[in-house]
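User: Please take a close look at one helix in this structure and at what surrounds it. I would also like a word on how the chains meet.

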Amino acid sequence: MTKPSLFRQLSTFAQTIVQEAVHSRLILTCMVVFAVGVGLALFLGEIAITETRQIQSGILAAFLRIAIVFILTLFTISSMVRDINDNTVLIYLSLPLKRSVFLLGKFSGYALVAFCLCILAACMLVLFSPLSNVWPWVISLFLESLLVVVFGLACALSFVNIPAAFAAVTGFYFLSRSIGAVVLMAHGPMVTSDSIGDSIMTAFVEGLAFLLPALDRFTRSEWIMHGQANPVEWSTIIPQTIIYLLLLFSVALFDFYRKNF
Amino acid sequence: MVANLDQRPLSSVSPWIKLLLVSFLVLQIFWHGHHKRLAIHSEPLPMAPSKQLLEVLSFGEPEVLSRVLMLWLQAFDNQPGVSMPFTRLDYTELTHWLQIISDLDPDSQYPFFSASYLYSQVDNRDQQIQMLSFIRQNFLLKPNKRWRWMVHATIFARHRLNDLALAAEYAVLLRENAHGADVPHWAQQMEIALLEAQGEYQSARLFIGGLLDSGQITDIHELAFLNQRLKSLREKSFNGISQ
């Protein structure tokens, strides 16, 4: 019997995860949540006296971004933890399959789900903003989702516990989104003291910024509102995604290879 | 009919659980009905936080936070059960809020729109001057983007404050600073318009009509608002003539 190709193995995993997403009503849940976002945008648009479209598209974009990130995180973590707790992982590992291929397969499935959700979000956003403003935002959201998915995968493998893994991803996400502003604050005019405590704190914040991805540069609602997706941003976003994706994937692999199931 | 394999029949639920469910549902409705209602009192405008703090709290979306804060500020005069006149707002704090909202998204025109058409429409000269000063200060930062608010401030100073010196100062600032391609010729020549004996309605018609002709206003809510404003000025103007 010939060993199936890598592509075949990956596509099988991807197909399984998409089926899981459909069966767990993930797409339906997203559609309901997105509809709530559209309703919120329409409501706020009625309150606004000017810049109505900008308010609607900006608030909807921020809402969709948070919704997709957290729905995807919960889906990835719960799916992975269930696989471990139900010993499904053992069945997979008993097959002639490398652990790296298993993890890559899982990731490709979650990435495919992320892609579908991003397309769905784009369909909602074009109701309020021109397509030329929406597509850079959607591509960036997809790249951001990949980072969140792989971090969720790594946390699920490490903690094998949904609340702990979810808390870790939430902390990582919000810290990554605000680290740029936190660093500026640490060097800002409000910090006037030269005490050792302040210096240690500033150094800690700067050190943290080195370890976290600059997610505040990704998927900016400003692009949707003002149509200002700058080509310079892509030269930051794409390399940052590649570097951090590979870093997180190697963390997940490291942990997975050490796991004794 | 296919039996539902996921759920057992209702009869399998113990009566005391059903009783518990119904009793607490009734208790909740009763509790809500007799709960002390929120006291009606107006809250003063809170102190505006620092821009740095808001940037951290925006999680990388300062433009969205700017819009959300603007909508909150706009609705601040309508607190639960009470509608507060703008004059009762602390205009120093209001100016801080408008400034911080503008700083979070310098491309937004909303704070200037509110300062020009909402918060300056009070019968208090000091508060009106505060709003005009806010517009003047921010116009100088981005004159080619914010010229229309300065034009409005010039007309306002001339006709509502009857302060020709202030209006002339604003008109000079417009001529000296607003040179962008989007700035119409008439806006740069506000000094001439000031010298002509025009009423507020004629000036506003010139200004709003010019904006509409240039196609710079596309928002339907803003169009409706400006048309309504023009209509009310026209009525005021006609009433003034007939009296």
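**The first helix of chain A and its surroundings**

Analyst: The model is predicted. A convenient place to begin is the end of the helix: α1(A) is followed by R25(A), a residue with a positive phi, near 60 degrees. The helix itself, α1 of chain A, runs over residues 6–23 and has 18 residues. From its first C-alpha to its last it reaches 26 Å, which is close to the 26 Å expected at 1.5 Å a residue.

Which residues of α1(A) are buried? They are Q9(A), F13(A), I17(A) and A21(A). Seen down the axis of α1(A), these buried residues fall within an arc of 115 degrees, so they line one face of the helix. The cover over them includes three helices of chain A: α2 (26–47), α3 (52–85) and α5 (99–125). On the face of α1(A) turned away from the buried side sit the exposed residues F7(A), R8(A), Q19(A) and H23(A).

Now to the meeting of the chains. In chain A, 27 residues are in contact with 21 residues of chain B. At least two residues of the chain A side come from each of α2, α3, α7 (162–186) and α9 (221–226). Of the side of chain A that touches chain B, α7(A) gives the most, with seven residues. By class, that side of chain A has 15 nonpolar, seven polar and five charged residues. Two helices thus appear in both parts of this account: α2 and α3 of chain A are among what covers the buried residues of α1(A), and each also supplies at least two residues to the side that touches chain B.

Note on methods:
Residues are numbered from 1 along each chain as its sequence is written. Chains are lettered from A and ligands numbered from 1 in the order in which they are written. This is a predicted model: local features need pLDDT of at least 70, side-chain atom pairs count only at pLDDT 80 or more; totals for chains, interfaces and linings use all residues. Helices (H or I, at least four residues) and strands (E, at least two) are DSSP runs, numbered from the N terminus. The expected span of a helix is 1.5 Å times one less than its number of residues. A residue is buried if 20 or more other C-beta atoms lie within 10 Å of its own, exposed if 12 or fewer, and partly exposed in between; C-beta atoms are placed from the backbone. The arc is that of the directions from the helix axis to the C-beta atoms. Two residues are in contact if their C-beta atoms, placed from the backbone, lie within 7 Å. Ala, Val, Leu, Ile, Met, Phe, Trp, Tyr, Cys and Pro count as nonpolar, Asp, Glu, Lys and Arg as charged, and the others, Gly among them, as polar.
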